[in-house]
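Here are a few exercises to work through with the model open beside you. Try each one before you read its solution.

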Amino acid sequence: MNLHAYMEQLKNEIDAALMAHQYSSTHTVAEAMRYSLRNGGKRFRPVLLLMFLDAFGVERKKGMATAVALEMIHTYSLIHDDLPAMDDDDMRRGHPTNHKVYGEAVAILAGDGLLTDAFNVLVNDQSLDIDTRLKLVRLLSAAAGSCGMIEGQMLDMEAEVKPVEDLEKLKNIHQLKTGKLIEFACLAAGFIADPTDRQLHKLRWFSNHVGLAFQIQDDILDVEGDAEKIGKTVGSDEASGKSTYVSLLGLDGAKAMLEAEINKAVAELDGLPADTEMLKELTLYVAGRDS
């Protein structure tokens, strides 16, 4: 099976699991939650988690609830990120953003609902023992919380007012904002598969390099991407004065850094007691994706 078919298979399994976890309620907030979840996207983070489980020889069903919880939190962050008070985006994944369809108040509540319900999904996952569930709750709350993704979002907004001129500071913003949930995907697979401390260390470093690469490619696509493929307006970063790898390093410099991070990520996969060929292909896909 090639990478595209493999990712599509995993995405379909995740989509089915996401819909199975949604309430049958017809109230407006539940409808708004389903709207953003159904708009899809690549499901990169949960796909990455399941791919690592496959590589370690662990049944996917042991990580499916964790994958669902992760995507619910990612989707909540996008709903809130698109709000007028933050990035003020009208389109997401080729569809009108949540607040454009349901209004700002409902969009805020839909995000709140997804964030809160994600932890309900985790703690009720009967395929994992209590200790593993507790580890995952701790890990996800730290990744998504005030010292993780939230801090990254705050630093990102502050950088619109005062542009970041230091590469390490910019990397820190994106290791928090984008990288923490990617790191969770990798480490969660590790906790479920129960590898050694050295293997967990390699998973962490792999995720750091892939997370940075993912953000750099996002920045590049905002400059030279196809709005129809991306599913949102091209050039919005420059228009809002955002600090990006392109604004700091130039387009060629950003592309060089992207290649370096991809190479480092691939190197971290070597030495894992797993079949990592598909993961290496996925890592290269991050650099070549057009959406």
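**Exercise 1.** Which residues in α3 meet which residues in α11?

*Solution.* Keep in mind that this is a predicted model. Start by finding the two helices: α3 covers residues 44-56 and α11 covers residues 197-224. Next, pick out the contacts. From α3 you should have Phe 44, Arg 45, Leu 48, Phe 52 and Phe 56, and their partners in α11 are Leu 203, Phe 206, Val 210 and Phe 214. Now sort that contact by class: 8 residues are nonpolar, none is polar and 1 is charged. Finally, look at the geometry. The two axes come within 13 Å and cross at roughly 145°, and the crossing of α3 and α11 is right-handed.

**Exercise 2.** Find the largest cavity and work out which residues line it.

*Solution.* There's not much hunting to do here, since the structure holds 1 cavity of 30 Å³ or more. The largest cavity has a volume of about 80 Å³. Go round its wall and you'll meet Tyr 35, Ser 36, Asn 39, Thr 75, Leu 78, Ile 79, Asp 82, Arg 92, Arg 93, Pro 96, Thr 97 and Asn 98. Then ask who supplies them: α2 (28-38) and α4 (61-81) each give at least two residues, and α4 gives the most, with 3. By class, the lining divides into 4 nonpolar, 5 polar and 3 charged residues.

While you're there, take a look at Arg 93, one of the lining residues. Arg 93 sits in the loop between β1 (91-92) and β2 (95-96). Its phi is positive, about 55°, although Arg 93 is not a glycine.

**Exercise 3.** Asp 194 also has a positive phi without being a glycine. Is Asp 194 buried or exposed?

*Solution.* First place the residue: Asp 194 is in the loop between α10 (179-193) and α11. Its phi is about 60°. Then check accessibility. Asp 194 has a relative accessibility of 63%, and the cut-off for exposed is over 50%, so Asp 194 counts as exposed.

**Exercise 4.** Put Thr 132 and Ile 150 through the accessibility test, then list what each one touches beyond its sequence neighbours.

*Solution.* Take Thr 132 to begin with, which is found in helix α7 (residues 130-144). Its relative accessible area is 12%, and anything under 20% is buried, so Thr 132 is buried. Leaving aside neighbours within four places in sequence, Thr 132 is in contact with Phe 191 and Ile 192.

Move on to Ile 150, in helix α8. A relative accessible area of 33% falls between the 20% and 50% cut-offs, so Ile 150 is partly exposed. Not counting residues up to four places away, Ile 150 touches Tyr 76, Ala 144 and Gly 145. For a distance check, go to Arg 45: it is 105 residues from Ile 150 along the chain, and their C-alpha atoms are separated by 17 Å.

**Exercise 5.** Which elements give two or more residues to the lining of the second largest pocket?

*Solution.* Begin with the lining itself: Leu 155, Glu 158, Ala 159, Lys 162, Pro 163, Val 164, Glu 165, Asp 166, Lys 169, Asn 172 and Ile 173. Map these onto the helices and you get α8 (149-161) and α9 (167-177). By class, the lining has 5 nonpolar, 1 polar and 5 charged residues. As for volume, about 230 Å³ of space lies in this second largest pocket.

Methods:
Residues are numbered from 1 along each chain as its sequence is written. This is a predicted model: local features need pLDDT of at least 70, side-chain atom pairs count only at pLDDT 80 or more; totals for chains, interfaces and linings use all residues. Side-chain values use heavy atoms; hydrogens and water are left out. Helices (H or I, at least four residues) and strands (E, at least two) are DSSP runs, numbered from the N terminus. Buried means under 20% relative accessible area, exposed over 50%, partly exposed in between (1.4 Å probe, protein chains only). Contact means heavy atoms within 4.5 Å. Axes are lines fitted to C-alpha atoms, for helices over the stretch in contact, and angles run from 0 to 180 degrees between N-to-C directions. A crossing is left-handed if the near helix is turned anticlockwise from the far one by less than a right angle, and right-handed if clockwise. Ala, Val, Leu, Ile, Met, Phe, Trp, Tyr, Cys and Pro count as nonpolar, Asp, Glu, Lys and Arg as charged, and the others, Gly among them, as polar. On a 1 Å grid over the protein atoms alone, a cavity is a set of points where a 1.4 Å probe fits but cannot get out, and a pocket is an open set with protein on both sides within 12 Å along at least five of seven lines; lining residues have an atom within 4 Å of a point. Grid points are joined across faces, edges and corners, and a volume is the space filled by probe spheres set on the points.
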